[in-house]
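Student: I have a structure open and would like to learn how to read its features one by one. Could you walk me through it?
Tutor: Gladly; let us look at it together.

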Amino acid sequence: MTEVVREGPNGMWGRGWTLLADALATCPDGFRIEAALAGLDLGDGYMSDTLAEVALRDVPLGEHLDAVEALLSRAAGFKTHYAHDFLARLATVWLAAGRELPGPVLGVIRRTARAAYGKVPLQDLVDPPGHPVLSSGEPWADRVLADLAELGEDWRALAAHAVTAASARPSEAWERRARRLLDAVGPEPARATIIRWLALVGRPRSIPVRHMDDAEFDPHNAFGIRGLAWMLAFLPGHPDSARTLGTLVETALRKVPGLGPRSPLVANAAVHALSLMDGGAALAQLARLSARVTYKGTLKVLNTALDTRAAALGLSREEVEELAVPVYGLTEVGRRVERLGEAVAELTVTGTRTTLTWRNAAGRPVKSPPAGVRRDHAGELAELKASAKDIGKMLAAQAERLDQQFLAERSWPYGVWRERYLDHPLVGTLGRRLIWLVDGVPYGYADGALRDVDDAPVAPAADATVRLWHPIGRDTAEVLAWRDWLERHRITQPFKQAHREIYLLTAAEENTRVYSNRYAAHVLRQHQFHALAALRGWRNRLRIMADDSYPPAVRELPRWGLRAEFWIGGIGDDYGVDTTDSGAYLRLTTDQVRFYPITAPDNHAHAGDGCAYGQGTRGGAAVGPVPLDEVPPLVLSEVMRDVDLFVGVASVGNDPTWQDGGPDGRFRDYWTSYSFGELSGTAQTRRDLLTRLVPRLAIADRCTVEGRFLHVRGDLRTYKIHLGSGNILMTPDDRYLCIVPGRAAETGDGQVFLPFEGDRVLAVILSKAVLLAGDTAITDPTITRQIRR
């Protein structure tokens, strides 16, 4: 039967379908119903829907309600349907019989209507009278529906109004009605209830649906989330409201495989709600998100909100971001003490870790809050735990913001800097671990005072100018002295500063003049590169195997009037092997790094032409690249550092499971050359640091740093860990040893002092070294089989 349909001409009522319809018209209704059910069981979209529709044509469904119920139940298991009229017909017959549409059925009707192009009959069935205002199947919506059954009509009206949030911004009429509904239920109950509902957004679906990821947002319910987010902004400002909206932005922007961000619609609505809220808590969330969000559409909304707030306050954008950082109740740098009843809680910030410790009435340390605190101070306890969680997120955002200050070349008067960076209760935990130039002289903070490299305390003048210290252009002796200073005081910097890589112009780049091939011919995982580029402030588009053109990855540098370009292109021509299901390339090849005036026309390359970029002038004059020796050394170094980071993190050569070279072994030569080849600038810094660290390790007598490798002597073999990739060779025959690091290894265990945070490969190398030095104690069979064979 299906072959007849498949061979028919295109179109729902092609010859194949007509033949099938004519044949089924002679069959009894029962057979045709069974054929429709069988069609839905096929589950392949257009074919399933059309077969079911053809089978039921002219069948009096009102006489077969049991069959309608079974058909609706099958239809409810899908994300959407192609045959809109068929689904509308089933639902209309069911409603005409005085029946209520089950939640899953209502869900598929709403999803199909939302996805349809133009006016379709289903749109009249999206909100049948007396039916639930939300589609069941998502935990947050299930909770709302359960609560509405008890809360009463005012609450149902509020939820129903939330779902009507169909525009990008609330209209005046929409807002007026929302405020009336909020007043009817009471501002405080409304805030607490909406926050409780929104806290469940993003949890996996409670009712699985075919062709729909469990993390995907239901499009109908997404409008309800948007409306509830706006309503929070109409209520009196509260830290919990701001916190909830900030979390909602991040939840909505989490990626779903093959789909992208879950719901930019929800993320943008939450940002808009934050922009409407008064108070420092909302501004702090906007500032934090601006440093963490990478999705271009939402980032644009965030930037607009912050720029608008800055203009209203008469401050610069940078000042607003600095002033917006909350203190979370910290009364001194990195420390907060709260007495709750007879117990004392101490919240401390050490590096990027936040620790909450307790003492009971007798002053003895206890592992958890005493029972009296949980009973009598539940609200204060919840706020304390929420602050501890928020601090971790804010510290990560502030570290990213500070790391971007090198190219911004921002400076501060000493008094302002001291208030915002050295003595600020939260930012001070970062600022006190960095090196600063005060009127051109470098200082660090240790033992309660600013000190020079010889540890002499200093008291700068109030009108002194402060900026971040960068190693480029500084004497080598000065850089090494500050590295010693950090190690002597056991200060772990929030990012590389004293150990920051410096990238100077090479002889090859002097010859090529206008471009660098330093990071050409690498193979990167596209999606990992894309995420990392966005985090570092680069604009990039995911390349799809299609007839389309793409600009290179670009970082705009308005402070310098320049635009940095990293030329990349998709690899492969086998759809489904070299691409995701949606057609995005899995891997990229890298080519040149160039600089152009920021106003120069964009360069583009066809998706299938690799890195063959050309400049689209649209009738204007072409603008050539800036010679590399005219690019300021700081700009060249920081841009090259970014590109080194992209290659070092996203290269397929880092993957220990790619020894076979990936699909058809095409990348075996690249994987081998990268995994054990010459060291990049980042890897050279890693080698220099390991040379200093190894003598302090408990396994120092078993480790030596030689050339490109850390050599580790075990009892069974000697191992060579490459300092660039972290991959391992075993002597005497350089046989490859595959060890896939766990999450703990990638983040480090904190047992070895490191002078900076953020080097994942360094943590992996140290973890592997400790493991292999005691190779006789290894119990993992996937490792022991390789070592002993």
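Student: Which kind of contact do the side chains of Lys 496 and Asp 759 make?
Tutor: One reminder before we start: this is a predicted model. To read such a pair, look for a side-chain nitrogen of Lys or Arg within 4 Å of a carboxyl oxygen of Asp or Glu. Lys 496 and Asp 759 meet in a salt bridge, with 3.8 Å from N to O. Lys 496 sits in the loop between helix H23 (476-488) and helix H24 (507-512), and Asp 759 in the loop between helix H29 (743-747) and helix H30 (760-773), so the pair ties together parts that are 263 residues apart in sequence.

Student: Are Lys 496 and Asp 759 buried or exposed?
Tutor: Both Lys 496 and Asp 759 are buried.

Student: How many salt bridges are there, and which residues are linked in a network of them?
Tutor: The count comes to 49 salt bridges. A network of them links Asp 403, Arg 500, Arg 536, Arg 555, Glu 638 and Asp 642.

Student: Which residue forms a salt bridge with Glu 332, and which one with Glu 338?
Tutor: Glu 332 forms a salt bridge with Arg 335, and their closest N and O atoms are 3.2 Å apart. For Glu 338 the partner is Arg 336, with the closest N and O atoms 3.0 Å apart. Now add accessibility to the reading. Buried means under 20% relative accessible area, and partly exposed runs from there up to 50%. Glu 332 has 40%, so it is partly exposed, and Arg 335 is partly exposed at 31%. In the other bridge, Glu 338 is partly exposed at 27%, whereas Arg 336 is buried because its relative accessibility is 6%.

Student: What about a charged residue without a salt bridge: how far is Arg 594 from the nearest side chain of opposite charge?
Tutor: The idea is to check the charged groups first and then the polar ones. Arg 594 is in strand E16 (residues 587-597). Arg 594 is buried yet has no salt bridge, and the nearest side chain of opposite charge, that of Glu 565, is 6.3 Å away. Its side chain does join that of Gln 592 in a polar contact of 2.5 Å, and there is another polar contact, of 3.4 Å, between the side chains of Arg 594 and Tyr 596. Leaving out residues up to four places away in sequence, Arg 594 touches Val 514, Tyr 515, Arg 563, Ala 564, Glu 565, Trp 567 and Pro 625.

Student: Let us turn to the nonpolar residues. How many residues has the largest nonpolar core, and which helix gives the most to it?
Tutor: When you read a core, ask who has the most contacts inside it and which elements supply its residues. The largest nonpolar core here has 63 residues, and those with the most contacts inside it are Trp 140, Leu 228, Met 231, Leu 245 and Leu 248. Helix H12 (residues 219-234) gives the most to this core, with nine residues. A second, separate core has 49 residues, including Tyr 519, Val 626, Ala 650 and Leu 729.

Student: Which residues is Leu 248 in contact with?
Tutor: Apart from neighbours within four places in sequence, Leu 248 is in contact with Leu 198, Val 201, Ile 225, Ala 229, Val 266 and Ala 270.

Student: How do I read two aromatic rings, and how many aromatic pairs are there?
Tutor: Take the centre-to-centre distance and the angle between the planes; over 60 degrees counts as edge-to-face. The count comes to 21 aromatic pairs. Trp 155 and Trp 197 form an edge-to-face pair, 5.8 Å centre to centre with 75° between the planes. This pair links distant parts of the chain, with Trp 155 in helix H9 (residues 153-162) and Trp 197 in helix H11 (residues 187-198), 42 residues apart. Trp 155 and Trp 197 are both buried.

Student: Why is the pair of Phe 529 and Phe 566 edge-to-face?
Tutor: Their planes stand at 70°, with the ring centres 6.1 Å apart, so the pair is edge-to-face. Phe 529 is in helix H25 (residues 526-535) and Phe 566 in strand E15 (residues 562-570), so the pair ties together parts that are 37 residues apart in sequence.

Student: Which residues do ring pairs link into a cluster?
Tutor: Ring pairs join Trp 412, Tyr 414, Trp 417, Tyr 421 and Trp 436 in a cluster.

Technical notes. Residues numbered from 1 in each chain as written. Predicted model: local features only at pLDDT ≥ 70, side-chain atom pairs only at ≥ 80, totals over all residues. Heavy atoms only, no water. Core = buried A, V, L, I, M, F, W, Y, C linked by side-chain atoms within 4.5 Å. Buried < 20%, exposed > 50% of the residue type's maximum accessible area, 1.4 Å probe, protein only. Helix = DSSP H or I, 4+ residues; strand = E, 2+ residues; numbered from the N terminus. Contact = heavy atoms within 4.5 Å. Lys, Arg positive; Asp, Glu negative; His and termini not counted. Polar contact = N/O pair within 3.5 Å; in protein donor to acceptor, adjacent residues only side chain to side chain. Phe/Tyr/Trp six-rings, centres within 6.5 Å; stacked < 30°, edge-to-face > 60°.
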